[in-house]
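Open the model in your viewer and keep the sequence panel beside it. The stops below go from the ligand to the sheet and then to the helices.

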Amino acid sequence: MDFKGKTVLVTGSTRGIGKAIASAFAEKGADVIITGRDKGTTQIVADNIKNEYGVNAYGFTLDLSSDVETAWQEIKKHVDFVDILVNNAGITKDTLFIRMKDEDWEQVINVNLNGTFKITKLVVKDMIKRKTGKIINISSIIGFIGNVGQTNYATTKAGLIGFTKSLAKELAPRNITVNAVAPGFIETDMTENLPAELKEKYLDQIPLKRFGKPRDVADAVLFLASDMASYITGETIHVNGGMY
Ligand SMILES: NC(=O)c1ccc[n+]([C@@H]2O[C@H](COP(=O)([O-])OP(=O)(O)OC[C@H]3O[C@@H](n4cnc5c(N)ncnc54)[C@H](O)[C@@H]3O)[C@@H](O)[C@H]2O)c1
């Protein structure tokens, strides 16, 4: 896979899966736009990637719960266009449904769904003009099987699948593919603080008998963004070690 000459924007790419995705693209020659809530952190991650892989790497504030349009205008001052958009940023606010506060529900919907809608709408305009582009949305196994304490999160991750399939149909005539990756249990900050007994329970359900690494997800994203996947759209790749 060679992504030289391509520019990739990854939302929430300062750590975890997003950072691994951005690094994997840079390793294959792409210029990368690191985005997150804190400008300083995005710049540090971008500088590290630039030093390690010798590509152009930019750090920008892009808080999906805030003014996405203004953030995008700032990015556009420095970058001509985005060839590949990876909608990775996502949050959890876990609690049983009966105890879920309005803000627990709204914050998760706002970042995971509304934020994804907003940035995609902005980025896709140029893709449509240029008649080329790849969009990859990071869903989750939880959107398919559900989970106790995650009605808000599961709703957004299932929603992203409907978003992916519908957008894929709309954008196919413009030569833009839209796909999703649904990770299972991946070792990141998001899963680090789960109780040990819960982690054991999850491990029991994984036929490959290990938790996933961020790079496992990144490899599936790279495939979907590559020419090898040019006839694939509206699809979801599950990266979960066989946990269904
Ligand atoms: N870790 C897992 O097991 C797992 C499993 C399935 C799906 N996922 C999904 O993968 C994606 C990445 O997860 P992760 O495990 O790396 O999580 P993480 O918490 O380590 O990283 C999430 C990233 O999103 C960013 N972010 C949070 N709120 C934001 C906002 N308002 N605007 C912009 N960026 C924001 C964070 O700064 C961070 O960079 C998420 O969408 C998550 O739902 C993770």
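Select the shell around the ligand: by class it holds 11 nonpolar, 12 polar and 4 charged residues. Here Ala, Val, Leu, Ile, Met, Phe, Trp, Tyr, Cys and Pro count as nonpolar, Asp, Glu, Lys and Arg as charged, and the others, Gly among them, as polar. Of the 27 residues around the ligand, those that come nearest are Gly12, Gly16, Gly90, Thr188 and Met190; a residue is near if its C-beta atom, placed from the backbone, lies within 6 Å. Colour α1 (16–27) and α7 (189–192) as well, since each supplies at least two residues of this shell. Helices (H or I, at least four residues) and strands (E, at least two) are DSSP runs, numbered from the N terminus.

The model is predicted: local features need pLDDT of at least 70 and side-chain atom pairs count only at pLDDT 80 or more, while totals for chains, interfaces and linings use all residues. Residue numbers start from 1 along each chain as its sequence is written.

Next, show the strands. An open sheet of 7 strands runs in the order β3-β2-β1-β4-β5-β6-β7, with parallel pairing; two strands pair if DSSP finds at least two bridges between them. At the edges are β3 (57–61) and β7 (236–239), each paired on one side only. From one strand to the next, the twist averages 20°. Zoom in on β6 (residues 176–183), which pairs with β7 in the parallel sense over 4 bridges. Ala180 has Thr236 in β7 as its bridge partner.

Now add helix α4 (residues 102–130), which packs on the sheet and touches β1 (7–10), β4 (84–87), β5 (133–138) and β6, its direction making about 175° with that of β4. Axes are lines fitted to C-alpha atoms, for helices over the stretch in contact, and angles run from 0 to 180 degrees between N-to-C directions.

How far apart are the axes of α4 and helix α6 (residues 151–171)? They are 9 Å apart, at an angle of about 15°. The two helices are therefore roughly parallel (angles under 35 degrees). Select Asp104, Trp105, Val108, Ile109, Asn112, Leu113 and Thr116 in α4; they meet Asn152, Tyr153, Thr156, Gly159 and Leu160 in α6, contact being C-beta atoms, placed from the backbone, within 7 Å. This contact divides into 6 nonpolar, 5 polar and 1 charged residues.

Last, select helix α3 (residues 68–78), whose axis comes within 10 Å of that of α4 and crosses at roughly 35°. Val68, Glu69 and Trp72 of α3 make the contact with Gly115, Lys118, Ile119 and Leu122 of α4.

Conventions. Contact = placed C-beta atoms within 7 Å. Parallel < 35°, antiparallel > 145°, perpendicular 65-115°, else oblique.
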